[in-house]
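Here is a short briefing on aromatic rings, the charges that sit over them, and one helix. Have a look at the structure first, then read on.

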Amino acid sequence: MRAVTWQGTEHVSVETVPDPILQQPTDAIVRITSTAICGSDLHLYSVLGPFMTPGDVIGHEPMGIVEEVGSEVTGVRPGDRVVVPFTISCGHCAMCGQGLPSQCETTQVTERGMGAALLGYSKLYGQVPGGQAEHLRVPHADYGLMKVGTELPDDNYLFLSDILPTAWQAVQYAGVPAHRTLAVIGLGPVGQLSARIGRHLGARVFGIDPVPERRAMAERHGIEVLDLNEDAVGEIRERTQGRGPDAVVDAVGMEAEGSPVAGLAQTLAGKLPDAVAQPLMERAGVDRLAALHTAIDLVRRGGTVSLSGVYGGAASPMPLLTMFDKQLQLRMGQCNVRVWTDTLLPLVEDPEDPLGVGDLVTHRLPLDEAAVGYDLFQRKHDGCIKVVLDPTIASAPTTTP
């Protein structure tokens, strides 16, 4: 089959790799019909190379059609249309039973001290082949596959795999709707959805991003947008009686601008031998924390900061005096996808499209053009906000003059 493979820092290529096969009686094989590029994939593309091996199949936002199931799978059968959550969870361990499938005790990557294994996401999370491919093996399929209808297009359902429940969890952790004003820093795909969810739940929402196309998209959904280069903190405080918003979602994470030192550390770590770079990434402060520090500064006293953006440096410095003095709550964590999907399914099927899932994808490309998609997404060229790869369509033929 054809699949997107990691080959080095800022280098992915589509290669022919072995077809996946059933390895356990709880597995299923899914033929992929749509698979998105996530902001977290850019971390693998640019930053987390020390935890990657050339040839790793990447991607963790897929959906498709079940082709084969193991002998113990009863919840889905061949022919079912399904969304594949990015977390690999059993659904019955103590952590899953507490609503924390992202911490699943059955699939925890204990040798790395990490939570549940993830599809297509490095040695840190189990090095499981991912979903930017023509076919995908899904472990624990009875819990890990979500059946959906057949009438609506893939784009209605695809984001249930990751970014929609991630955004929903971020807003729930932020305390909306009890909190009535919400700021979202970073209007990439998760930030866009977080802002729309905040509005849907009744909050007044501010969105901050330096990219005009992202601000324009958010503004279409009733978000009060500000350029990062403006005095965004001061302006939002002025609009909230001088206090700041009740809650802030940091939807940026380790890719944030604003720290040349951390940026250099990320670049150097990506060039070092893995045996040296992995401990550096695990123990050193290699994150660009401008967005997080802005969130802490912006939120009102007694407010909540919710992190949906992924950070990677274990020793990244935090302004603990300010956080303590402002009496802040800080909530974060890998998304517990299946906890939220039953709530979200009716919203994505609603003809009114209350969360605007029909207004997010800016680029749909053949799978074979994945490298183009990664480059567009990383550089934010051509108004790129969300890229979906389609294994069912062929690339345009190359012509020679």
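**Charges over rings**

In this predicted model, arginine 331 places its charged end over the ring of tyrosine 173, at 3.8 Å from the ring's centre. A second arginine belongs with this topic:

- Arginine 338 lies over the face of tyrosine 143, and the distance to the ring centre is 5.9 Å.

**Aromatic pairs**

- The count of aromatic pairs comes to two.
- One of them joins tyrosine 45 and tyrosine 374, with 5.2 Å from centre to centre and 35° between the planes, which is a tilted arrangement.
- Because tyrosine 45 lies in helix 1 (residues 39-46) and tyrosine 374 in helix 14 (residues 370-379), this pair ties together parts that are 329 residues apart in sequence.
- Tyrosine 45 and tyrosine 374 are both buried.
- Tyrosine 121 and tyrosine 125 also form a pair: their ring centres are 6.2 Å apart and their planes meet at 55°, so this pair is tilted.
- Tyrosine 121 is buried, and tyrosine 125 is buried too.

**A look at helix 1**

- How many of the eight residues of helix 1 are buried? Seven of them are, so to speak of helix 1 as mostly covered is fair.
- The buried residues are Ser40, Asp41, Leu42, His43, Leu44, Tyr45 and Ser46, and Tyr45 is the residue that pairs with tyrosine 374.
- The partners that the buried residues of helix 1 pack against are strand 1 (2-8), strand 2 (11-16), strand 3 (28-37) and helix 14.

Methods:
Residues numbered from 1 in each chain as written. Predicted model: local features only at pLDDT ≥ 70, side-chain atom pairs only at ≥ 80, totals over all residues. Heavy atoms only, no water. Phe/Tyr/Trp six-rings, centres within 6.5 Å; stacked < 30°, edge-to-face > 60°. Helix = DSSP H or I, 4+ residues; strand = E, 2+ residues; numbered from the N terminus. Buried < 20%, exposed > 50% of the residue type's maximum accessible area, 1.4 Å probe, protein only. Lys NZ or Arg CZ within 6 Å of the ring centre and 35° of its normal. Contact = heavy atoms within 4.5 Å.
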